[in-house]
Number of protein chains: 2
Amino acid sequence: MNKRLLNVAKQLKPELFHTYINKDFSSELKVGEAFVIDFVTHYTGFLSLDLDFEGSPVDAPILLRIKFCEHKDEINEKTEEYHGWISKSWIQEELIHLDILPTTLKLKRRYAFRYVKVELVASSNKYRVILKGAHIDALSSNNVRVNYVGNNSLEKNIDKVALLTLHECMQYEFEDGPKRDRRLWLGDLRLQALTNYYTYKNYDLVKRCLYLFAGVTDKDGRVPACVFTSPKVTGDDTFMFDYSLLYISTLNDYFKHTNDLKTVIDLLPIATKQIELAQNNFTDDIVNDSSVLGWCFLDWNLRLNKQCGAQGVYLVALKDLIELYKATNKDTKLLIDDYKKKLEASKHFFDEKLGVYVSGKDRQISLASNVWMILGNDFSLEKNQQIIHNLKSLSFEEIVTPYMYHYYIEALIKCGLKEEARSTMDEYWGAMANDGADTFYELFNPNNKDESPYGGKAVLSYCHAWSCTPSYLLRKYFIGDNKND
Amino acid sequence: MNKRLLNVAKQLKPELFHTYINKDFSSELKVGEAFVIDFVTHYTGFLSLDLDFEGSPVDAPILLRIKFCEHKDEINEKTEEYHGWISKSWIQEELIHLDILPTTLKLKRRYAFRYVKVELVASSNKYRVILKGAHIDALSSNNVRVNYVGNNSLEKNIDKVALLTLHECMQYEFEDGPKRDRRLWLGDLRLQALTNYYTYKNYDLVKRCLYLFAGVTDKDGRVPACVFTSPKVTGDDTFMFDYSLLYISTLNDYFKHTNDLKTVIDLLPIATKQIELAQNNFTDDIVNDSSVLGWCFLDWNLRLNKQCGAQGVYLVALKDLIELYKATNKDTKLLIDDYKKKLEASKHFFDEKLGVYVSGKDRQISLASNVWMILGNDFSLEKNQQIIHNLKSLSFEEIVTPYMYHYYIEALIKCGLKEEARSTMDEYWGAMANDGADTFYELFNPNNKDESPYGGKAVLSYCHAWSCTPSYLLRKYFIGDNKND
């Protein structure tokens, strides 16, 4: 814990802006029946319900089951059937007794939702329970409104949904998802920050998050994968090879959009440290295989071998560190030498016969490996394009997260395949938009809509920060590209 | 609603006294396991729990199921199997999410309990949940302590339990039970008030309750069976033939113990009105049978025919009204004439061959009918004793509530069967005491421990005011009666 760094973060803690949404009803709730309130779009905040009664005096408490749903599919999902490996305590469902009517029930927890399903589990038959009103005190640290962009209505809708996704995840920190885990993760932060630079431009919130991570490195100086801020700021004891390295890229992105040299100088030792620590995971300049490496996230495809992708992430981060060194007039020679050595060693992953990168002892072919190596290497546009071309003729492990799709699109752009990048974005995020998304999901596999890395869908987050990048991609690369429309 | 009368009640609203009970632990809660806190005796009040964690940061909320049990049998009772006719919302069980540890969970509802069962339903496997402390803010409007009486250790224990029962039910009003229904019922009030005169002597609380009932009579002037005081004072729309009439007896008891003539003069018109209104339920001075009469409570034996018992209750109430008229120098002639007529007509219920009272067209023999007629008639001690004697040789409907047992014991005493009265009390309440009761139950059938009038035991109240009368019976009739010991 570095108090000075955390104090900088503390000074940057944003105020939250409130939006109040009110709905009036006069709807009887019947025992065993459910009443679904549709707030039309996604909100993150506090709910209150006005409840009254008709008939005889309230001679017994009422028992309500209140379920909060981000996605329409959650409304009738049987949450009691979830037995996955992350806690079912994430399911946004409460059982509440009320002793006195009329009353306004103010729920104390914050929820993320568009739909509220109110079920009267029990009451007496002497009176009728009437739902009179529902109110949201919705919160975000963003209060900027941005015009939607896009070359057609689909893209404009994608932008709208992506912008709301980012807005909802902007709280006291950039949260990964307001339903779950409701906290700052590094992989999400990088993509939120990128999108933020092109939209809401809340530079202080990015700076705060960079300082939060900087303040909670472990005893070796390693940046954890996430930070808890309540009840007190604490670094997680989860570390991911890629996330720690992407701290560097996040800092470099920040610098490019702010020219905030003071912050870069302050945080550069921590960025440098991530490259230094990563060395322990290399043997002859080749990153260790998954079993030795520890957790490297890349994507929620659980079959993925991470070795090659990890090598790619390292190269990406190292390039960003070199840029930061140049910006601060620091000697880059050692870093450039390291880059050359690691890139040369990466040939280990390149299957000359297939013309694609492969990963692990089983030489797994995956999109993730090739994307990260394309982003990390210094090949010609044509050579990288050929890799993509070769890959498509093969059977390979897919990706399932908007997070990894973002890097796939960046890789396509780096290969000069801008049109394919755009159509990939339109197809992938467009499928979610056409699924009725108000915000983009944590996980979306167009080929398997029931996919979940957690052993069940009930805990999935349907408003997840790492899926907000279309608003960045559109503004940076695609606006005005109308030739296909 | 009579505002003047309710204002008198309001002026008499008592302060509640607080008792704080603290328990310290350092016990790990494990998912799927339950931890039972035994507070050694019964309390009515607010619970808070101190919860902490060990291990990695709390990366998911915890979900707790907290169950409050008055009786040890409730701890492992499967509450989800209760599907009875009164609301399962009475079951004292909560499901609560906590987002942040350490924390002190302060439950907002008031509960009645000795045991608290804390089950960790869900958490993450990255940290351990530790229960550190449990605290009760226990409430009662009684702060008087009374020495236990009794001729032996059983009776002293019965007195202790009965005194606690009354203490726990003394809140802003005399409640019937702090678990359920948590409000002022007339049948309970009468017995609580009687016991209170011999023990805690809180005359103002009785006066307050008499005025509450007086202030909420219906448009015809009828006293309802119970009064709600939150969120505002409201008379129930449940009326019971016997409970309305027992308002008179409750007022007469109050006068005998306070000599508060002013209150009697103020409330006498309301008392008188109950006798007047009851006339509508008589045909040729015989009370209508159950189907026409409406609800007359008497006891929770659901097979009971109430006609004869209702006639007895009327006679009891009328005798009390005559006493109140005498005390206020009002002319009693009409009332005495009415008493004679109704008593004469009561021969209709007396089976000369069997020598007992019978009830309804099926001529049901029950203890309840005979008890109320013995209490209501003016027969000689010997004649009434013979009725009890005759009854015992027959098969008859039993009684199942401490409420009705109280009147049975009063009837035995009226017959001069004091020793039998005492042994009946010792046996009935002693069986509950030997069952481990800290407070006496709403319902206890020594012949069927699973009896419930509600279709299931989960909603039963194990601290119920109408069972507190041993503390009255002991002090009024039995103390010093040691000849059997």
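Visitor: Why are S3(A) and S4(A) said to pair?

Guide: Two strands pair if DSSP finds at least two bridges between them, and S3(A) and S4(A) are joined in the antiparallel sense over six bridges, so the condition is met. Within this pairing A:Leu64 stands opposite A:Ile96 of S4(A). This is a predicted model, in which local features need pLDDT of at least 70 and side-chain atom pairs count only at pLDDT 80 or more, while totals for chains, interfaces and linings use all residues. Residues are numbered from 1 along each chain as its sequence is written, and chains are lettered from A and ligands numbered from 1 in the order in which they are written.

Visitor: Which other strand does S3(A) pair with, and over how many bridges?

Guide: S3(A) also pairs with strand S6 (residues 111–122) of chain A, in the antiparallel sense and over seven bridges, and here A:Lys67 has A:Lys117 of S6(A) as its bridge partner. The strands are DSSP runs of E of at least two residues, and the helices runs of H or I of at least four, numbered from the N terminus.

Visitor: What makes S3(A) mostly covered?

Guide: Seven of the eight residues of S3(A) are buried, that is, each has 20 or more other C-beta atoms within 10 Å of its own, against 12 or fewer for exposed and a count in between for partly exposed, with C-beta atoms placed from the backbone.

Visitor: Why is B:Phe350 called partly exposed?

Guide: B:Phe350, which lies in strand S13 (residues 350–351) of chain B, has 17 other C-beta atoms within 10 Å, and is therefore partly exposed.

Visitor: How do you know which strands are the edges of the open sheet in chain B?

Guide: The sheet has three strands in the order S8-S9-S10 with antiparallel pairing, and its edge strands are S8 (184–185) and S10 (234–235), each of which pairs on one side only. S8(B) and S9(B) (residues 226–228) are linked over two bridges, and B:Trp185 has B:Cys226 in S9(B) as its bridge partner.

Visitor: What makes the span of H11(A) close to the expected one?

Guide: The expected span is 1.5 Å times one less than the number of residues; helix H11 (residues 381–392) of chain A has twelve residues and reaches 17 Å from its first C-alpha to its last, where 16 Å is expected.

Visitor: How do you know where the buried residues of H11(A) lie around its axis?

Guide: A:Asn384, A:Ile387, A:Ile388 and A:Leu391 are buried, and seen down the axis of H11(A) the buried residues fall within an arc of 95 degrees, so they line one face of the helix. The face turned away carries the exposed residues A:Glu382 and A:Lys392.

Visitor: Why is the relation of chain A to chain B given as a two-fold axis?

Guide: A turn of 180 degrees and a shift of 0.1 Å along the axis lay chain A on chain B with an RMSD of 0.1 Å, and that is the relation of a two-fold axis. In chain A, A:Leu95 has the C-alpha nearest the axis, 3.0 Å from it.

Visitor: How do you know that the same surface serves both copies?

Guide: The evidence is that 100% of the contact residues of chain A recur in chain B, contact requiring C-beta atoms, placed from the backbone, within 7 Å. Each chain gives 28 residues, and S4(A) gives the most to the side of chain A, with three residues.

Methods: Arc of directions from axis to C-beta. Least-squares fit on C-alpha atoms with pLDDT ≥ 70 in both. Contact = placed C-beta atoms within 7 Å.
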